[in-house]
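Work through the exercises below with the sequence and the 3D structure in view. Try each task before reading its solution.

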Amino acid sequence: MKSLPILVLALALSPRLHAQFAPLEEPNDGIVVRGGLHAAQADLLHIAKEYATLLGRPLVVSPDAERMLGNTPSGLLRDAEVPAEGVNAFVQALLAINGFSLSADEDFVAVHAPDHRSGDGQLFARVERPADFADRHARLIEAELHFEELEVRQAVTSFRTLFGGPQSLFLRVTGDRSVSLQGPAGSVARMERLLRWIDGSPPAASSDWEAAFPAASSRMTIAAEASLLEVLASYAAVTGIQLHAGPAVREKLAAAPTGLLRSVDVSAPAVHSFVEGLLCNQGFLLSVMTAEPVHLIAVFHPGSTAFRPAPLFLSDPVDSAELVVEHPAVFFSTTLSLPNTDVRRLSTSLRTLLTDTRTASLIAGGEHDLWLSASGGALAEMAQTFLTLDAAAGREVSDYPRAAPSVAAGVDFVIPEPEDRSAPTVLDVLAAYAKASGRNVSLTAEAADALAKARAQISTPHRVDAASSHRLVEEILCANGATTTAIRAADPSLFAVRMASRPAVSWPRLVTLETLEELEDSVSLMVTVYQPLENMDAMLASRRLRDLAQAGGRDASRLVAAGGDGGLLVSGTVASVQEHLRLIRELDAAGGVPEEGR
């Protein structure tokens, strides 16, 4: 097919133009986009020109946009064969991930630079239903939205920056209960969903997102010494997924270890959740851009890119709970209705448990409605925590599916003597235990470095019996400032080891008081527990306990008053939670402070 000319404009369009929506029909032919780990990738300028040619329209760009497109690689980890019916969504997703936006009319297609300050005009197409264009991530649209109850001015002030990113989202109040949204269609559709939820309309779930994760064709062997970039290349090959990693993210992936202490053979059904667990522990997350016919998923690292991920929306977190847990690195959002809870008060208190506010967020949409955004593992735990607290406030029992961390079985193992006959490092002890027990452990680079320097006060060679092995290893980790998080409980299991100063991306696992007793030997495991109170107000109890904890040199940052007079939420390692609970029960039994003295 003969290429159409590229038109380079310095300033041919006004900064803001509006037009009736001109649909971009799917072309008759597909497109092949070159990717790879090391080979030369196609650049976005080449892709945009081929895309415009398939549409039968010339490509319009400014000089700055042309330069930036030419300097931006596709970012794909392998070549992509995109059928005709998937070209529009796929190409626009690649543009959006890299901050570019697109406008079109019947005569041309224009691609705009990320900052919109380079003189390339923007053509906003008017649409009535932004949700119909949610998969057109880069297409610039404009929509006038009208609401029944929503106080628009207050909402716009609160949520203006939530769904922005490099492609700016413009909001203009046009009345007490109406607003005009302008920006890339994906961002506009997500903002509309949030605003309509606040107005009282139940949002629709993201459709067919599970199709983005086809079953792996075979098992996968992950070498302990491999980089995450190499792991993802193998993952893409066995699943058929197209993974995108921009230059900054790719550099981080190439430098990031798996953190594993031994190589792992992962069965085909476990491939998705195991690989995602490794990514999540090293701080990487996934955003589903297109589900079908091409499974395009963007890999991102908070803080290393301006790309703001598009969360998958779940309309029912209870029904989706088991599935969401299987995707610990995928970015989700959902809503909860908590009839027994003042969510404004509760969400403010529980924000102290958010370990990464760049991706996880809590938004109160009314007195009893809450919007959550987080990675899969964190979202599942957050939803379970809020629903459990609400059930407790209403003297009910939560029906949210509960999956307790598995209690590790003890195993005989030997801690070898180091060659220099010094005391073994904590990493030596952990590696010997992991090898003997078959437990899969992934350490962050910071944890691996710290534990390789820390010495375990044990004479060697040292034989550890099964009855005491698990407790011994956990106590050594805890004593050296390390924590563990259960990412995957099923075989093959996966436990993350991080330093206490760098808490896990995931929200700590909510467990019952009975389960906490079963976990008494897992002293370094991160958990959350709800402790009912009988004789004390929760807010007063939390203040008293903070004072006592700080006086004793203990961390009280994860002690949260929740559920009104109902009880306290305590989060931390099993060891620290047990100590807090002991203090809570002593205070509650003593009756706390009389009502008149509060």
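**Exercise 1.** Which residues does Asp-390 touch, not counting residues up to four places away in sequence? Describe the surroundings of Asp-390 in this predicted model.

Solution.
- Step 1. Locate the residue: Asp-390 is part of helix H11, which covers residues 376–393.
- Step 2. List the contacts: leaving out residues up to four places away in sequence, Asp-390 touches Leu-338, Pro-339, Asn-340 and Thr-341.
- Step 3. Look for polar contacts. The side chain of Asp-390 reaches the backbone nitrogen of Asn-340 at 2.8 Å. The side chains of Asp-390 and Thr-341 are joined by a polar contact of 2.6 Å.
- Step 4. Check accessibility: the relative accessible area of Asp-390 is 6%. Buried means under 20%, so Asp-390 is buried.

**Exercise 2.** Is Ser-74 buried or exposed? Find its place in the chain and its contacts.

Solution.
- Step 1. Ser-74 sits in the loop that runs between helix H2 (63–70) and strand E5 (80–82).
- Step 2. The relative accessibility of Ser-74 is 0%, so this residue counts as buried.
- Step 3. Not counting residues up to four places away in sequence, Ser-74 touches Val-33, Arg-34, Gly-35, Gln-41, Ala-42, Asp-43, Leu-44, Ile-47, Leu-94 and His-244.
- Step 4. With one of these residues, Gln-41, there is a side-chain to side-chain polar contact of 3.4 Å.

**Exercise 3.** What is the strand order in the open sheet that contains E13, E16 and E15? Then follow the link between E15 and E16.

Solution.
- Step 1. The order of this open sheet of three strands is E13-E16-E15, and the pairing is mixed.
- Step 2. Strand E13 (242–244) and E15 are the edge strands, each pairing on one side only.
- Step 3. From one strand to the next, the twist averages 30 degrees.
- Step 4. E15 pairs with strand E16 (residues 296–300) in the antiparallel sense over five bridges. Among the pairs, Thr-290 stands opposite Leu-296 in E16, and Ser-287 has Ala-298 as its bridge partner.
- Step 5. The two strands E15 and E16 form a hairpin, with five residues between them. Pro-293 has its place in this loop.
- Step 6. Most peptide bonds are trans. The peptide bond from Glu-292 to Pro-293 is cis, with omega near -5 degrees.
- Step 7. Strand E15 (residues 285–290) has six of its six residues buried, so the strand is largely enclosed by the rest of the structure.

**Exercise 4.** Which strands are the edge strands of the sheet E22-E25-E24, and which helix packs on that sheet?

Solution.
- Step 1. E22-E25-E24 is the order of an open sheet of three strands with mixed pairing.
- Step 2. Its edge strands are strand E22 (441–443) and strand E24 (482–488), each of which pairs on one side only.
- Step 3. The twist averages 30 degrees from one strand to the next.
- Step 4. E24 and strand E25 (residues 494–499) are antiparallel and pair over six bridges. Arg-488 has Leu-494 of E25 as its bridge partner.
- Step 5. Helix H8 (residues 271–281) packs on the sheet and touches E22, E24 and E25. The direction of H8 makes about 0 degrees with that of E25.

**Exercise 5.** At what angle do helices H6 and H7 pack, and which residues make the contact?

Solution.
- Step 1. Helix H6 (residues 228–239) and helix H7 (residues 247–255) pack at an angle of about 105 degrees, and their axes are 5 Å apart.
- Step 2. Angles of 65 to 115 degrees count as roughly perpendicular, so H6 is roughly perpendicular to H7.
- Step 3. Leu-228, Leu-229 and Leu-232 of H6 meet Arg-250, Leu-253 and Ala-254 of H7.
- Step 4. Sorted by class, the contact of H6 with H7 has five nonpolar, no polar and one charged residues.

**Exercise 6.** Which way do the residues of strand E7 point? Identify the pairing partners of E7 as well.

Solution.
- Step 1. In a regular strand the side chains alternate between the two faces of the sheet.
- Step 2. In strand E7 (residues 109–112), Val-109 and Val-111 point one way, Ala-110 and His-112 the other way, and all are buried.
- Step 3. Strand E4 (residues 59–61) pairs with E7 in the parallel sense over two bridges, and Leu-59 stands opposite Val-109.
- Step 4. Strand E6 (residues 101–104) runs antiparallel to E7 and is joined to E7 by four bridges. The bridge partner of Ser-101 in E7 is His-112.
- Step 5. E6 connects to E7 in a hairpin through four residues.

Methods
Residues numbered from 1 in each chain as written. Predicted model: local features only at pLDDT ≥ 70, side-chain atom pairs only at ≥ 80, totals over all residues. Heavy atoms only, no water. Buried < 20%, exposed > 50% of the residue type's maximum accessible area, 1.4 Å probe, protein only. Pairing = 2+ DSSP bridges. Axes fitted to C-alpha atoms, helices over the stretch in contact; angles between N-to-C directions. Contact = heavy atoms within 4.5 Å. Parallel < 35°, antiparallel > 145°, perpendicular 65-115°, else oblique. Nonpolar A, V, L, I, M, F, W, Y, C, P; charged D, E, K, R; others polar. Polar contact = N/O pair within 3.5 Å; in protein donor to acceptor, adjacent residues only side chain to side chain.
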